[in-house]
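The following paragraphs lead the reader through the pairing of strands in one protein structure. The reader is invited to keep the model in view while following them.

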Amino acid sequence: MGLGLDYSSGSGGGDIIPFVKYDARAGRFFRNDRSEINGNYTNNPVDITSSFKAVVDMENIEVGYLKFAAGSAPEFLLVRLGDPMPQKPADGKWKQGARMMMKLHTSCGGDIRETSSNAAAFLKGVDELHTAYEAGKAQNPGKLPVVTLKTTIPVTSGAGDKKSTNYQPVFEIVTWVARPVDLIHTPKGNGSAPATGPATTPTQATPPATGSTQVSAPQAKQPAMADSDFG
């Protein structure tokens, strides 16, 4: 079972959960750490591409529509995968997207994070990960997959001056573990509206750090790690 999203176009409530950002233009993962000095908050991206390893809550993936507008907090209109998709808002800046929660391995942070994106390259990678999850969950009842970033695949679109390359992540399930006690699903975005009805008011979250240095796409290889390091 895939995410049920259409890639042809190229395209919450509760406490704030820190996030991990996948930069599809560079093919890299960044852990976003916030620091506060005299009431002023700064987003500090930390590259965790080569060490990325996490227990991913594939059981509670959310899909729907996301809006990332410059200078504004991101907005979400999401439902749990398998529920009816919400109606797409009329604002053309909204794109299909997905969100999932995870617990990072101690080598790359060790805490609870969320990641969300409406980048087609990222979504295709998550779609393939979900297919692998569906294939293996019956043999691993009550467990979640431990996921690493195996490599990335360049995906070129457009032509001429509009030609661009993004990088699709290739995830790998390396083992399965019991759900960490602190990995508790916290829904984000009000996606209760039926597909045929009016869209509900989206929710906003703290805006992610914008921009990153363009670097070569990774050929990530994971060091050996003990799964007990997930705590």
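In this predicted model, Thr 152 has Pro 169 of strand E10 as its bridge partner. This pair belongs to the contact between strand E9 (residues 143-157) and strand E10 (residues 164-178), which is antiparallel and comprises 14 bridges. Six residues lie between the two strands in this hairpin, and Gly 158 adopts a positive phi near 75° there.

Strand E9 also pairs with strand E4, again in the antiparallel sense, through three bridges. Here Ala 54 has Val 147 of E9 as its bridge partner. Ala 54 also leads onward, for it stands opposite Leu 104 in strand E7. Strand E4 (residues 53-56) and E7 run antiparallel and are joined by three bridges.

Strand E7 takes part in further pairings. Strand E5 (residues 62-67) is joined to E7 by five bridges, and the two run antiparallel; within this pairing, Glu 62 stands opposite Arg 99. Strand E8 (residues 112-117) pairs with E7 over six bridges, likewise in the antiparallel sense. In that pairing, Met 100 has Thr 115 of E8 as its bridge partner.

How many of the 10 residues of strand E7 are buried? Burial here means a relative accessible area under 20%. Nine of the residues in E7 (residues 95-104) are buried, and the strand is therefore largely enclosed by the rest of the structure. As a general point, side chains in a regular strand alternate between the two faces of the sheet.

Definitions and conventions: Residues numbered from 1 in each chain as written. Predicted model: local features only at pLDDT ≥ 70, side-chain atom pairs only at ≥ 80, totals over all residues. Heavy atoms only, no water. Buried < 20%, exposed > 50% of the residue type's maximum accessible area, 1.4 Å probe, protein only. Helix = DSSP H or I, 4+ residues; strand = E, 2+ residues; numbered from the N terminus. Pairing = 2+ DSSP bridges.
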